[in-house]
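These are my notebook entries from one reading of a structure. I began with the pairing of strands and then turned to the packing around them and to the surface.

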Amino acid sequence: MSTVTGDRTAQVPQAFVGRRWLLPSAVADELDPAVERRGRPRRTARDWVVDTCCFLLAVGIGLAAAQTLDSDTGTPHSLAVVDQFFGVLACGAVWLRRRWPLGLAVAMVPVGFVSNTAGGAAMVAVFTLAVHRPFRYVAWIGGVQLALAPLFFWLRPDPDLPYAGAVVFTELLTLTVIGWGMFVRSKRQLMLSLRDRARRAETEAELRAEQAQRLAREAIAREMHDVLAHRLTLLSVHAGALEFRPDAPREEVARAAGVIRESAHEALQDLREIIGVLRAGEPDDTGRPQPTLGALDALVTESREAGMKVTLANRVTDPAAVPASVGRTAYRIAQEALTNARKHAPGTEVTVTVTGTPGDGLVIAVRNPPPEGEVPHVPGSGQGLIGLTERATLAGGRLEHGPEESGGFRVRAWLPWG
C-alpha cells in the first residue's frame, strides 16, 4: 500500500495497516499517510472500547452518587431529581468527548457543580481535555474545578466523609486525572515527534543520495571534458593537416594517420570506461590507472607529435613523491590548458612550468603568446576553465586564469602538497 505526496511515494508498512485498530484514531491518522484527513478522524476499535469504558465509568460513579442522594435526608427530593437528570445528560454527553473536548469540559463545570451524579462525567471530560488540548485550557478548567470543590462540599456535605477529607480527596482525584491525561498527551506527542524525525531523516538521506549522484555526474562530466576534448582536438588538428596538405610527404601522412588512429583508439577506450562507470554506478578499479604528474612528459610528447610547440620546465625533483590526487589534478590542468591553447592560439609556443616542494605546495603554470592572425570562435569556450577552477578548489587549492598584458593567456594553479 502506498500514497503519493507531491512527487514522492511514501510506503506504508503492511504491519501498521493491519494493526491500526490498536491505536487512537488521532494518532493512527497522523502516522498513516494513506488516510485522507477530512474533518474528524473515524474512531478505531480501540476508541470504541475506551469510550465505552469511560461511559460505563461515568454511569457507575453516577449510580453510586444517586444511592448517596437516596440515603441523604437533607437533600430535597426536587433537587435530587434535578441532580439525577443532569447526571443522565452528562453521562450521555461522554460520547461527544472526542468531537468537542473543550466545549464538553466547559459545560461540565456548572453541571458538575449542580449535579453530584455528574461527577464521573466531569472527570472524564477533564481527562479528555488534558489529552486533546494544550495545557493552558487544562489549567483554566482544572483550576476552576479545584476552586469550586470547597464551595460544593460546603453547600452539599458528603454524608460519609468529613468536609476536609471530601475536599482533599476530590482535589487529589482531579489532579491525578489531569496528570494522567497530560502523560497520555505527552506520550502521543513523543510518538508523533519520532515519526517526524524519521521522516526528516529519510528526506535528508534522499537529499544526500541525490547530491552524491549529482556530484558523481559532475565528476564524470569533468573527466569526459578533460579526456575526450584533448583526444578529439588531436584528431581535429591532424585531420586538418591532411585536408590542407594532400601533397605532404608519405612519411608525414603516415605519421598523421597513426596519430589519428591512436587518438581515436584512446578516445574510444576512455569513453568506454566512462560509460562503464555510468552503467555500474561506481568507478571500475580494474581499468587503466589514472594519470599522475609523472605522465606529464608523455602528455607533452603527445602534443608535440600533434604539431604543437610545447616547452616543459618540470622543476619537481621527484614527481613520484607527489600525492596521486594532487598529481592527477595537475595533469588534468595541464591537459586542459594545452587543449585550450591548441584551439584558441594555434601555432604558438606553449610553456608549461611545474614547481613545488613538500610543504610549499605544487604550482603549475601554462602560458601561450597571442596567436598570429584571426582565430575563429570556438563554441563552448570557458566551460573547461570553470571545470578546472572547481577541480582545483575541490583539491584544496586555487586556480587563476586570464589574458596577459602582452596579449597572451596564462593559467596558474596552486595545489597543496605536504
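**Entry 1. Strand 5 and its partners.** I looked up valine 352 and found that its bridge partner in strand 5 is valine 366. I note here that the model is predicted. Valine 352 falls within strand 4, residues 349–357, which runs antiparallel to strand 5 and is joined to it by seven bridges. I also checked glycine 356, whose bridge partner in strand 5 is leucine 362. Between strand 4 and strand 5 the hairpin has three residues, and glycine 359 takes a positive phi near 100° there.

I then followed strand 5 to strand 7, residues 409–415; this pairing is antiparallel as well and extends over seven bridges. As one example, asparagine 368 has phenylalanine 409 of strand 7 as its bridge partner. Is strand 5 mostly covered or mostly open? I found seven of the eight residues in strand 5 (361–368) to be buried, so I recorded the strand as mostly covered.

**Entry 2. The sheet.** I traced the strand order as 3-4-5-7-6, in an open sheet of five strands with mixed pairing. Which strands stand at the edges? I found strand 3 (309–314) and strand 6 (398–403) there; each has a single partner strand, so one side of each lacks a neighbour in the sheet. Neighbouring strands of this sheet are turned against each other by 10° on average, with direction ignored.

**Entry 3. Helices on the sheet.** I noted that helix 10, residues 296–305, packs on the sheet and touches strand 3 and strand 4. The direction of helix 10 makes about 165° with that of strand 3. Helix 11, residues 324–344, lies across strand 3, strand 4, strand 5, strand 6 and strand 7. I recorded that helix 11 runs at about 5° to strand 5.

**Entry 4. A nonpolar patch.** On the surface I located a nonpolar patch formed by Leu151, Trp154, Leu155 and Tyr163, which together have about 450 Å² of accessible area. Which helix gives the most to this patch? I found that helix 7, residues 135–155, does so with three residues. Leucine 155 has its place in helix 7.

**Entry 5. The chain as a whole.** I counted twelve helices and seven strands in the protein chain. Of its 418 residues, 35% are buried. Among contacts between residues at least 6 apart in sequence, 66% join residues at least 24 apart. I recorded an exposed area of about 24,400 Å² for the protein chain, with carbon and sulfur atoms supplying 61% of it.

Conventions. Residues numbered from 1 in each chain as written. Predicted model: local features only at pLDDT ≥ 70, side-chain atom pairs only at ≥ 80, totals over all residues. Heavy atoms only, no water. Patch = residues over 30% accessible without salt bridge, like charges linked within 9 Å, V, L, I, M, F, W, Y side chains within 5 Å. Areas by Shrake-Rupley, 256 points an atom, 1.4 Å probe, with all protein chains shown as cover. Salt bridge = Lys/Arg side-chain N within 4 Å of Asp/Glu carboxyl O. Helix = DSSP H or I, 4+ residues; strand = E, 2+ residues; numbered from the N terminus. Buried < 20%, exposed > 50% of the residue type's maximum accessible area, 1.4 Å probe, protein only. Pairing = 2+ DSSP bridges. Contact = heavy atoms within 4.5 Å. Axes fitted to C-alpha atoms, helices over the stretch in contact; angles between N-to-C directions.
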